[in-house]
Amino acid sequence: MQSRQYPQPAGDMVDLRDYLAVLRRRSLVIAILAILGLGLALGYSELQTPIYTSTAKVLINPPPGDTSQNLNNVISVDTEAQVVKSAPIAAAAAAEMKTQLVPTQLLKHVSVKSTANTFILEISYQDPNPAQAALGANSFAKAYLEYKRQQGAAQIEEQQSSIESQMTELNDEQDRQNRILEQSLPGTIAYRNARDALDQLSIRLAVLASSLAQLPQIVNPGQVILPAVPPKAPSSPKVPMNAAVGLFLGLFVGVVAAFLLDRMDDRIHRSSDLETYLDAPVLAFVPHVKGRDRERVSQLIVHLDPRSPVAEAYRTIRASVLSMGDRRDIKVLGITSPIQGEGKSMTSANIAAALGQTDKRVLVLSADIRKPRIHEFFGASNDQGLSDVLEGQVSFSEAVERTDGNIWVLAGGRFPAQPAELLQSPAMAELLAAVRKQFDFVVVDCPPVLGLADCLAVLPLVDAILLVVQAGKTRGGAILEVGDRLDRVGVSVDAVVMNDVRVTRGGPGHRAYGYYVASEEYLRPVGPRRALRFAPPRATRPATGPNGSAKGAEAPSRDVEPAERPTLVTGPSTSNGEAVGGEVLAPSKLPADEA
C-alpha cells in the first residue's frame, strides 16, 4: 500500500487546509473515538463506589507560655499537618470512632491541607458512608486537639517543676548565706559578701516566682471552628471531570488515528493525491450528487440539469476534448476506469451529449460488452450492438441508433462467448478506423482496466485515453496497476476525470459551484421549460431496406439540426452506389456541404 504524501507549498509554509481536509474526511472516526472515550469515562464513573468527603477546620493556637509577637516563628502549619497524620493521632481517632481499622489503614482515608497565610488546618476524611466520613474528620480533629492539649500540659508541668527545683536550690543557698551573715561581724568582708549574695538570691527568687505565676493553668492548643457534617453528594467519582477527560482523550486519540488512517489510506481524494501515482492532468472534478438528484446519475445531466455544477463539469471536459482534438487530431476517445462502478459509463454518455450540443457528429460506442450501460442513458435498445456487428450477425447500420440530437449510439449487444478475443479481432480495428472517418468524435466506453483483458485490447486502437477515478473510492495502488498494464500495451493515460467529488463548504471550488447553483436559481426561465429539460435524448431506429440503408429517420427535436443516420455498406461503392466487396462506412444521405 502506498502511503499518502501530503503536498507542501513552496518554502517552509504548511497549508493547514490539507490537515483540515483530513479531519473532515475522518470526522466519523474522530466522533466515534470521542464518543467511545466519553462512554468509557462515564462507565468507569458508574462502576466506581461513591466516596464521601467531610472536612473539619481547626484553628491552631500558639504553644502555652510563648509570648513571641511573630506567630510564624512559633507555629509551623506544615508540621502540624504532619502531626495530624501521625500514628498517635490515628490511634486516638480509631478509639473515638470505635472502628476495627488499624491506624495505618485509617490514615489512608485522611488528608490535611492548610490555608495560605492562616493557622487553620482542614482535616478531611473519606468514606463510602457520609456519616462515617463526618465522624472520621471530627474524630481526627478532636484527637489532634487532645494530643496538643496533653502535650501542652506536659510542657507546663515540666516548666513548673524546673522553676520549683531552681527556687528550692536558691532558698537553700539563701539560708546558708543568712547563717554566714549571723556569724560575721558587720563591716567585715565576709559580712559584706553574704549581704551581696542575699540580695542577688532575692532577685533571682523573685524572677522565678514571677515565671511560676505566669504559667497558664489551662492549656488551649486550638479549637474546631467548623465541625464536619455528613456530605449530601459524593466527592468521588467526579463524573463531569471524568467525562471531560474521557472526551478529550477520545478526541486526541481520534485525531491521531485520523492522520494515521489517512497516511495509510491510498484512496484518491484530491488532485494532489493523483500526482503521487499518475503523471496526467485532471480535466475536471465532477461534483457529488446528493439526495433525490442521485436518481438522475444514470441519465444525461447535461440535458436534465444544464445549469448544475455537474453539467458544467462535463462542459469543462468537452472544452478540453475539443482543444485536444484540434491540436492532436483526436477523434476516437477511450474512456475507462480502474475498476467497475467508478462512473465511466456516465462520464462517457455525458461527454458525448456535451459534444453533441456543439453540432458535432458523435458516436457513442459501448466496448464494455460484458456489462453494457451506455444504451440506458439514451433510451436505446441492447438487443443488438457491437458484439453482433463484430461477429457479422448484423451490419453497423442495423445496430446503430440515432438520438434526437447529433449523437449515434452503438450498444454493447449480446454477451459473446469470448469478449476479449472479439474486441482484439481485426474487425474491431477496422470498425474504429471506419467510424473515425464518418464522425467528428467517437466516444468509446471501455471496460475497466483491472481484472479483465478486454480493455487492453481496445485502448491501443483509440487516439486518447481518459481515466475516470471516483473520489474517496479509487485507490492509488489501483492507479499504479493501471499505469503498469497500459505500459505493457504501449499506451498511457492522457487525462483524468475525478468523479463524485464532495466539495465541502469553504473548501477549494465551493464558491465556484455555488455560483452555478445560484445561476440555476436566478437565471432559470420564467416560462414553461422545454421537454429536453426533463428527459434526455431518446434513440430511434428508423426502418431499413434490404441492404441496411435508412428509409427515413424520425424528425429531430426542436433546436437540433437534422443529420442523417450513417449506414454500413458492403464493399467500396461504385459511382452508382453498388457494393463490390469488403465493408466501408458511408452515409445514406449527407448534407450538401458534406457530400
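**Exercise 1. R149 and its partner**

Decide whether R149 is buried, exposed or partly exposed in this predicted model, and find out which side chain it meets in a salt bridge.

*Solution.*
Step 1. Start with the cut-offs: buried means under 20% relative accessible area, exposed means over 50%, and partly exposed is what lies in between.
Step 2. R149 has a relative accessible area of 31%, so it goes in the partly exposed class.
Step 3. Now look for the partner. The side chain of R149 meets that of E146 in a salt bridge, with 2.8 Å from N to O.
Step 4. Check E146 too: at 35% relative accessibility, E146 is also partly exposed.
Step 5. Where do the two sit? Both are in helix α6 (residues 130-183), and because they are 3 residues apart there, about one helical turn separates them.

As background, side chains of opposite charge can pair when their charged atoms come close.

**Exercise 2. Two more salt bridges**

Work out which parts of the chain are linked by the pair D494 and R328, and then do the same for D368 and K344.

*Solution.*
Step 1. D494 and R328 meet through their side chains in a salt bridge of 3.0 Å, N to O.
Step 2. Place each one: D494 is in the loop between α19 (476-488) and β12, while R328 belongs to helix α11 (residues 309-328). They are 166 residues apart, so this pair links distant parts of the chain.
Step 3. Check the exposure. D494 is partly exposed at 21%, and R328 is partly exposed at 43%.
Step 4. On to the second pair: the side chains of D368 and K344 form a salt bridge of 3.1 Å, N to O.
Step 5. D368 is in the loop between β7 and α13 (374-378), and K344 is in helix α12, so the pair ties together parts that are 24 residues apart in sequence.
Step 6. Check the exposure again. D368 is buried, at 8%, and K344 is buried too, at 7%.

The count of salt bridges comes to 18. Salt bridges can also join up into a network, as with R25, R26 and D262.

**Exercise 3. Strand β7 in its sheet**

Find where β7 stands in the open sheet of 8 strands, and say how many of its residues are buried.

*Solution.*
Step 1. Write down the strand order: β5-β12-β11-β6-β10-β7-β9-β8, with mixed pairing. The edge strands, each pairing on one side only, are β5 (282-287) and β8 (401-402).
Step 2. Read off the neighbours of β7: they are β10 and β9. As a reminder, strands of a sheet pair through backbone hydrogen bonds, either parallel or antiparallel.
Step 3. Take β10 (residues 441-445): 5 bridges join it to β7 (residues 362-366), and the two run parallel. S366 has D445 as its bridge partner, and V362 has F441.
Step 4. Take β9: 4 bridges join it to β7, again in parallel. Here V364 has V409 as its bridge partner.
Step 5. See which helices pack on the sheet. Helix α12 (residues 344-356) touches β7 and β10, among other strands, and its direction makes about 170° with that of β10. Helix α17 (residues 426-438) touches β6, β7, β9 and β10, at about 165° to β7.
Step 6. Count the buried residues: 5 of the 5 in β7 are buried, so the strand is largely enclosed by the rest of the structure. V362, V364 and S366 point one way, and L363 and L365 point the other way.

**Exercise 4. The antiparallel sheet**

Name the edge strands of the 4-strand open sheet, and find the bridge partner of K113.

*Solution.*
Step 1. The order is β2-β3-β1-β4, and the pairing is antiparallel.
Step 2. The edge strands are β2 (110-114) and β4 (222-226). From one strand to the next, the twist averages 30°.
Step 3. Zoom in on β2 and β3 (residues 120-127), which are joined by 5 bridges. K113 has E122 in β3 as its bridge partner.
Step 4. Add the helix: α3 (residues 77-84) lies across β1 (52-60), β2 and β3, at about 30° to β3.

**Exercise 5. A nonpolar patch**

Place L260 and M241 in the structure, and compare how exposed they are.

*Solution.*
Step 1. L260 is in helix α8 (residues 239-264), and M241 is in helix α8 as well.
Step 2. L260 is exposed at 51%, whereas M241 is partly exposed at 49%.
Step 3. Both help make a nonpolar surface patch of about 950 Å², along with residues including F248 and F252.

Technical notes: Residues numbered from 1 in each chain as written. Predicted model: local features only at pLDDT ≥ 70, side-chain atom pairs only at ≥ 80, totals over all residues. Heavy atoms only, no water. Patch = residues over 30% accessible without salt bridge, like charges linked within 9 Å, V, L, I, M, F, W, Y side chains within 5 Å. Areas by Shrake-Rupley, 256 points an atom, 1.4 Å probe, with all protein chains shown as cover. Salt bridge = Lys/Arg side-chain N within 4 Å of Asp/Glu carboxyl O. Buried < 20%, exposed > 50% of the residue type's maximum accessible area, 1.4 Å probe, protein only. Pairing = 2+ DSSP bridges. Contact = heavy atoms within 4.5 Å. Axes fitted to C-alpha atoms, helices over the stretch in contact; angles between N-to-C directions.
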